[in-house]
Amino acid sequence: MKVERLDNLFFNRIVNEEFIKKIKEDTIPLETLMCYYRCAIMEVETKFKVLNEQFSLRYDQNPIETIKTRLKSEESILKKIKKKKLSYSLKEIEENIFDIAGIRVICSFEEDIYLLADCLLKQDDIKLIEMKDYIKHPKDNGYRSLHLIVEVPIFLQNEKRIMKVEVQLRTIAMDFWASLEHKLRYKKNLSYDISKEISEDLLECAAISRMLDHKMEIIRHRISENK
Ligand code: 0O2
């Protein structure tokens with residue numbers, strides 16, 4: 001009975017009108033911000049689709065196999081806020097979390113990755129904020145991809161807004177490795193020895209996928225030289 005009263009007291013204190021107002025004030029801008037990120041994804045996705053079309057006309061080949069997009073979930077944003085020790089404010093989120101809008105471009109060949117990245121970065125409405133080249137410098141576990149953080153403008157009814165988007169460019173082989181490694185990484189309860197062995201195996205698979213990319217590129221060059 002006493003506990004119930006305390007609960008009620010606590011509930012009434014917390015869930016008062018002011019609290020509800022605060023929740024509403026925070027939720028609407030977050031929804032709006034997420035909508036801006038969705039728009040930014042559309043802008044960058046269109047840029048890659050346009051490049052793919054142009055290359056298919058000009059060189060009779062599509063450098064892009066697939067484009068995947070994703071908006072970071074609120075749960076993942078909260079985890080990142082905690083990891084980066086940020087305060088929960090939209091300003092902090094926008095200024096410190098750069099991968100809320102994510103676009104993954106899966107290419108056929110490694111050289112196409114650099115070609116596409118170059119074409120994107122040459123566009124006068126795109127600003128490069130950060131580049132991580134895990135292709136030239138793979139991570140210790142074997143992970144390879146080219147990561148770009150770019151700023152892109154979105155044009156709204158009465159304003160222009162600059163939004164950040166994370167672009168990951170990979171070959172099919174890099175994506176195959178990363179997707180499986182991501183799934184396997186979350187398998188828990190492995191002993192130290194097994195986990196070490198698995199890491200070594202994954203590193204070996206990464207080396208094979210790298211070799212596969214290079215071999216495919218050599219085949220591509222041989223074919224184009226003999227055309
Ligand atoms: P999700 O769900 O894929 O978005 P930061 O983003 O700055 O806090 P970090 O590690 O400096 O963290 O960023 P980095 O190196 O640019 O990598 C971020 C993203 O790259 C990850 O996103 C993965 O998508 C991918 N990635 C990086 N390293 C690996 C790896 O070893 N294996 C796999 N499979 N993917 C990797 P998130 O945030 O993990 O999640």
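These exercises work through one helix, two cysteines and two pockets of the structure above.

The model is predicted: local features need pLDDT of at least 70, side-chain atom pairs count only at pLDDT 80 or more, and totals for chains, interfaces and linings use all residues. Residues are numbered from 1 along each chain as its sequence is written, and side-chain values use heavy atoms, with hydrogens and water left out.

**Exercise 1. Place Ala 178 and state whether it is buried or exposed.**

Step 1. Ala 178 sits in helix α6, residues 172-185. Helices (H or I, at least four residues) and strands (E, at least two) are DSSP runs, numbered from the N terminus.

Step 2. The relative accessible area of Ala 178 is 7%, so the residue is buried. Buried means under 20% relative accessible area, exposed over 50%, and partly exposed in between (1.4 Å probe, protein chains only).

Step 3. With neighbours within four places in sequence left aside, Ala 178 is in contact (heavy atoms within 4.5 Å) with Tyr 143 and Arg 170.

Step 4. Other buried residues of α6 include Met 174, Trp 177 and Glu 181. The buried residues of this helix pack against β1 (64-71), β2 (101-107), α5 (110-122), β5 (160-171) and α7 (192-225).

**Exercise 2. Explain why Cys 35 and Cys 39 are not bonded.**

Step 1. A disulfide is a pair of cysteine sulfur atoms within 2.5 Å.

Step 2. The cysteine sulfur closest to that of Cys 35 belongs to Cys 39 and is 4.4 Å away, so the pair is too far apart for a bond.

Step 3. The search of the whole structure finds 0 disulfides.

**Exercise 3. Describe the linings of the largest pocket and the second largest pocket.**

Step 1. On a 1 Å grid over the protein atoms alone, a pocket is an open set of points where a 1.4 Å probe fits, with protein on both sides within 12 Å along at least five of seven lines; lining residues have an atom within 4 Å of a point.

Step 2. The largest pocket has a volume of about 1,100 Å³. It has 34 lining residues, and Arg 70, Asp 99, His 147, Glu 166 and Gln 168 are the closest to its centre. Helix α6 supplies the largest share of this lining, 5 residues.

Step 3. The second largest pocket has a volume of about 260 Å³. Its lining has 13 residues, with Arg 185, Ser 195, Ile 198, Ser 199 and Leu 202 nearest its centre. Here α7 gives the most, with 6 residues.

Notes: Points joined across faces, edges and corners; volume = space filled by probe spheres on them.
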